[in-house]
Amino acid sequence: MQDLFPFESYRKGQDSFIKVVRTALKHKKDVLAQVPTGVGKTVSTLAPALQYAMENDKTVVFLTSKHTHHKIAIDTLREIKNKSGIKFQVADFIGKRWMCPRQDISNLNSREFIEFCRSVVENKECDFYQNYYSKERIFTNKILIEELEGSILHVEELVDKCRNAEVCSFEAAAFLAKKAKVIIVDYFHMLNPGTRERFFKKIGKELENCILIWDEAHNLPSRARDLMSESINTLSMDSSVREASKFDQDLEPSIVKIRDKLLNLSSKLGLEKNEFLISRKDFSEVSDELINKIHKTANSVIEEERRSYLNTLAHFLSLWKLEDKRYSRILRRSFTKTGKPVINLLYNCLDPSIVLESILKGAHSNIFMSGTLYPLTMYEEIFGLDLPLKVEYPNPFPEENRLDLVIPAISTKFDQRNGQMYERIADSVSELIDIIKGNKIFFFPSYAIMEKTKELIKENILVETQGMDKSSREMILKKFISMKDKGCTLFAISSGSFGESIDLVGDNLKAVIIVGVPFAKNDLEVKEIIRYYDEKFGKGMEYGYIMPAFTAIMQNAGRCIRSETDKGVIVYLDERYAWSNYRKNFPEYVKLKGAKSYDEVKEFLEG
Ligand code: SF4
């Protein structure tokens, strides 16, 4: 079969990466690849994987952690199809809730939606679903499916077409997936064992015949941990009591007892102490019989009200019964926006390899790639890989186009955060805003530090807000780009909405300034991960605390240089970046330079 690589020539490192992918597929091996922006990692994996899949009756599953990455994969596949002239089917999925064309589901979270969807399908109450399978619409549906089959569609295009035709877009995409050679899905579809099983059953495929490409795989540890973690709190318990009182009064006393137990536990929290570790026995030991009863009542609640807190409670209680050292149990007090205390009980997964184990054993090959999969040995251990092919490529862009400048003028270290330090941070930020004439983004380690800095500076700036939704994010980006000639400043959070996956080519972004070091809040959740990795690998601080911060730093820095002709400055604004024990955490291609004055930024950009 012809080579499906669609371009005339290879970029630096690209031909080598393609060879590695081919070797891995041939020998059913896994790959860990650090591939910086500019090498073209999407086409370097999709082209050889698709070719192998077509020759060996396999399916390529391209997994992304962000909605924005679907488009890159779709564009690449269109390019491959156009250049090769070969026909192949593609199916693009995001979470079912986000694909659903119904308008009455906006207040449901993902789990509630799944229950709701199941219920309306079983009770024949979903017109979109009924329409899709209706014999009376066989002719119009056939025309729609032919249209969908004829092109490689982005999931949003598919949803639009299905909404217009008043049929369920998930069912249509699942139909396409049965014949597809490439399926694009969110991590969630593979990481959640139940969802994976249902998904494969629905599309008639098997994991063993799939080549999995994990894009932006640096996000995988936290996504896998989040997915396997569960929690309840006093607010959700109040709602559970209300549901029990309305739907099953016999059940109500048992739910009240569980809520009271949770409230009683909080008496151990002092004025200063907001969290502590607890044991399985400290909280309710609930019988399987009661859990089943809660679950049964939850089903009635879902049928009438579409969502059920009892359902989440039943799930939490069945997990709580398990004795698994790869989880931690934390009782924590948090506060609502109005200052009301909330008691949370967390059952947190510490080990992402729990979910990856069966995937690694089952799939034909797994290709894990990212521009910041560094160091590879850490990911090899964390993922639980068995002798993968490991490759890393240097940054392909001209070194002289990028200035990595350390300015040790401030520190966001916890013990140095005081009024004087905030004044110094604000001074440095103001000076940099003044010097850098084009667009620039300041990444802060937390909202608190960002807010304090903002209060002290006079400039007009765009600001990322907590819990910002997709449309607000896009609006800010649009405004930011539109102001590039005048020069605009954006304040954002290192691990927030703008920290990765935004593409600001050319003059759209001239400088990135990383204010402080974005370590996670050193709370019990983080301490438990550190303890776990210490016991497992003897590298708790490195794997659980330091490297996640440096991954965020490298992602932030990566926003600045997106093409061969981009020229930009990355400022590391904290004294710790000048220390050797911090510098050693940067990949080799980052050539840190100590700044003598702020003017070096100006000279570089104007030179
Ligand atoms: S069957 Fe389809 S249209 Fe109906 S609720 Fe489920 S996803 Fe939405």
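## A tour of two sheets, a hairpin and a ligand shell

The centres of domain 1 and domain 2, taken over C-alpha atoms, are separated by 38 Å. Domain 1 covers residues 230–347 of the protein chain, and domain 2 covers 399–606. Please keep in mind as you look around that this is a predicted model.

Where do the two domains meet? Four residues of domain 1 are in contact with four residues of domain 2. On the domain 1 side, β7 (275–277) and β8 (327–335) each supply at least two residues of the touching side. By class, the residues on that side of domain 1 are two nonpolar, one polar and one charged.

Strand β8 is worth following further. Nine bridges join β8 to β9, and the two strands run antiparallel. Within this pair, Ser-328 has Asn-348 of β9 as its bridge partner. Together β8 and β9 make a hairpin with five residues between them, and Gly-339 in the turn has a positive phi of about 90°. Is Gly-339, in the loop between β8 and β9 (341–349), buried or exposed? Gly-339 counts as exposed because it has 6 C-beta neighbours inside 10 Å, where 12 or fewer is the cut-off for that label. Strand β9 also pairs with β6 (residues 230–233), again antiparallel, through four bridges. There, Asn-233 stands opposite Asn-344 of β9.

Next come the parallel sheets. One open sheet has seven strands with parallel pairing, in the order β3-β4-β2-β5-β10-β1-β11. Its edges are β3 (90–92) and β11 (389–392); each has a single partner strand, so one side of each is left without a neighbour in the sheet. On average, neighbouring strands of this sheet are turned by 15° against each other, direction ignored. Helix α2 (residues 41–56) lies across β2 (59–64), β4, β5 (210–214) and β10 (365–370), and runs at about 155° to β2.

Another open sheet of seven strands, also with parallel pairing, follows the order β14-β15-β13-β16-β17-β12-β18. Here the edge strands are β14 (462–463) and β18 (592–594), each pairing on one side only. Helix α25 (residues 599–606) packs on this sheet and touches β12 (402–407), β16 and β17 (568–573), its direction making about 165° with that of β17.

The table gathers some of the strand pairs, with one bridge partner pair for each.

| Strand pair | Direction | Bridges | Partner residues |
|---|---|---|---|
| β3 and β4 (182–186) | parallel | three | Val-90 and Val-182 |
| β13 (440–444) and β16 (511–515) | parallel | four | Phe-443 and Ile-514 |
| β8 and β9 | antiparallel | nine | Ser-328 and Asn-348 |

Finally, which residues surround the ligand? The shell is made of Lys-96, Cys-100, Pro-101, Arg-102, Cys-117, Val-120, Val-121, Cys-126, Phe-128, Tyr-129, Cys-168 and Phe-170. Sorted by class, these are 10 nonpolar, no polar and two charged residues. Helices α5 (110–122) and α6 (127–133) each supply at least two residues of the shell, and α5 gives the most, with three. To link this site back to the hairpin, the C-alpha atoms of Phe-128 and Gly-339 lie 43 Å apart in space, and the two residues are 211 apart in sequence.

Note on methods: Residues are numbered from 1 along each chain as its sequence is written. This is a predicted model: local features need pLDDT of at least 70, side-chain atom pairs count only at pLDDT 80 or more; totals for chains, interfaces and linings use all residues. Two strands pair if DSSP finds at least two bridges between them. Two residues are in contact if their C-beta atoms, placed from the backbone, lie within 7 Å. Axes are lines fitted to C-alpha atoms, for helices over the stretch in contact, and angles run from 0 to 180 degrees between N-to-C directions. A residue is near a molecule or strand if its C-beta atom, placed from the backbone, lies within 6 Å of it. Ala, Val, Leu, Ile, Met, Phe, Trp, Tyr, Cys and Pro count as nonpolar, Asp, Glu, Lys and Arg as charged, and the others, Gly among them, as polar. Domain bounds come from an automatic or database domain assignment. A residue is buried if 20 or more other C-beta atoms lie within 10 Å of its own, exposed if 12 or fewer, and partly exposed in between; C-beta atoms are placed from the backbone.
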